[in-house]
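User: I'd like to learn how to read a protein model one feature at a time. Can you walk me through one?

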Amino acid sequence: MGKNMKLKTRLGVMAVILVILVAGILTGINYHDSITNFKDIYVQSAKSDYTLISSLVGSEYPGQWTVQSSVLTKGKASIADLQSYIENIYKDTNTHVSICYGDVRVATTTVDKTGASLKGQSVKSEIADKVLAGETIEKVEDVGGISCAVSYNPIKDSTGKIIGIFFTGKDISDINTRLSKQLITSVIWVIALSVLALACIHFVLKIVFKPLQYVEKQMNMLSEKDFTKEVLFSTDDLGNEKKEFFSNPNISNHHNIHTFHTILVDQKAAYLV
């Protein structure tokens, strides 16, 4: 019986470790996928925002982007006009906009984590160099210490020359809060499912080991070759214990061997069924 209990304990511990391991892996995968999905959604949003906002700016201020006396203009609009307009856009859409002459922000709604405007500051060189070479960059990055989903696009004059950068970005610093709530919900579900799984495992082990313990008891009696007892215990189909009485007037072993063997065979057959 001691060996069976040890084996039962080992199987129980292994089952607990397996459930916890699987639950941890599934939670980690879910958390990673959530982060990726959130970021992809925000990046696509920033891309769409650029298309919309650049169209709105073009409609509000028709004409080409030009540089006059080292000042970037759009049609007849001055930088002050552009600054006022993109501030209104930010209020309506919660999307940050920056218009850069070269790599310097000359009109912007972006701020750093202290709330200070980034106007007059340069775009990161590794980004500015690519955009001013004609690339479009869409990704998640820190802007002024704030996590943002961004879209950088070249600004071209009437000849096709790149003279600046048009930036749109969404503040996604609250993504961690959203994911934390989702992670907590996932952990609760994992714990609930783990408890249910462990309960099922305990029930299965109990069903499996109870008959094995009984068979071991009977085999111990068989190994002792003690068939002179007048009472043997067995269980019926419902698992209820019952007594089998034998008549053994000669107090010898061989008279009860056949009957005892029949009981063992019946029990094994019932167990297999």
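User: Let's start with the whole chain. What is its accessible surface, and which share belongs to carbon and sulfur atoms?

Analyst: Keep in mind that this is a predicted model. The chain has an accessible surface of about 16800 Å², and carbon and sulfur atoms account for 60% of that. As for the inside, 31% of the 273 residues are buried.

User: How many helices and strands are there, and in what order do they run?

Analyst: There are five helices and nine strands. Starting at the N terminus, the order is α-β-β-α-β-β-α-β-β-β-α-β-β-α. Contacts add to the picture: of those with a separation of 6 or more, 52% are between residues 24 or more positions apart.

User: Could you show me one of those contacts across the sequence? Where is Val43 found, and which residues is it in contact with?

Analyst: Val43 is in helix 1, which covers residues 2-60. Not counting neighbours within four places in sequence, Val43 is in contact with Glu138, Lys139, Val140 and Ala149. Take Ala149: 106 residues separate it from Val43 in sequence, yet the two are 5.0 Å apart in space, C-alpha to C-alpha.

User: Is Val43 buried or exposed?

Analyst: The cut-off for buried is under 20% relative accessible area. Val43 has 12%, so it counts as buried.

User: Now a charged residue. Where is Glu141, and is it buried or exposed?

Analyst: Glu141 belongs to strand 5, residues 137-143. Its relative accessibility is 8%, so Glu141 is buried. Its side chain makes a polar contact of 2.4 Å with the side chain of Tyr152. Tyr152 is also among the residues in contact with Glu141 once neighbours within four places are left aside, and that list includes Lys124, Ile127 and Cys148.

User: What about a residue in a loop? Where does Thr110 lie, and what does its side chain join?

Analyst: Thr110 is in the loop between strand 4 (104-108) and helix 3 (125-131). Its side chain and that of Thr108 share a polar contact of 2.6 Å. Despite the loop setting, Thr110 is buried because its relative accessibility is 2%. Beyond residues up to four places away in sequence, Thr110 touches several others, among them His96, Arg105, Leu118 and Phe167.

User: How should I read phi angles?

Analyst: The general idea is that most residues other than glycine have a negative phi. A positive one is therefore something to look at in a model. Here Ser69 has a positive phi of about 55° without being a glycine. Ser69 sits in the loop between strand 1 (65-68) and strand 2 (71-74), and it is exposed because its relative accessible area is 73%. Asn94 is another case, with a positive phi near 60°. Asn94 is in the loop between helix 2 (79-93) and strand 3 (96-101).

User: And pockets? Which residues lie nearest the centre of the second largest pocket?

Analyst: Rolling a probe the size of a water molecule over the atoms shows where empty space is left. The second largest pocket has a volume of about 200 Å³. Its lining has 14 residues, and those nearest the centre are Tyr90, Asn94, His96, Lys170 and Asp171. So we meet Asn94 again, the residue with the positive phi.

User: Which strands supply the lining, and what classes of residue does it have?

Analyst: Strand 6 (146-156) and strand 7 (162-171) each give at least two residues. Strand 7 has the largest share, with three residues. By class, the lining has seven nonpolar, three polar and four charged residues.

Terms used:
Residues numbered from 1 in each chain as written. Predicted model: local features only at pLDDT ≥ 70, side-chain atom pairs only at ≥ 80, totals over all residues. Heavy atoms only, no water. Helix = DSSP H or I, 4+ residues; strand = E, 2+ residues; numbered from the N terminus. Buried < 20%, exposed > 50% of the residue type's maximum accessible area, 1.4 Å probe, protein only. Contact = heavy atoms within 4.5 Å. Areas by Shrake-Rupley, 256 points an atom, 1.4 Å probe, with all protein chains shown as cover. Polar contact = N/O pair within 3.5 Å; in protein donor to acceptor, adjacent residues only side chain to side chain. 1 Å grid on protein atoms, 1.4 Å probe; cavity = no way out; pocket = protein on both sides within 12 Å on 5 of 7 lines; lining within 4 Å. Points joined across faces, edges and corners; volume = space filled by probe spheres on them. Nonpolar A, V, L, I, M, F, W, Y, C, P; charged D, E, K, R; others polar.
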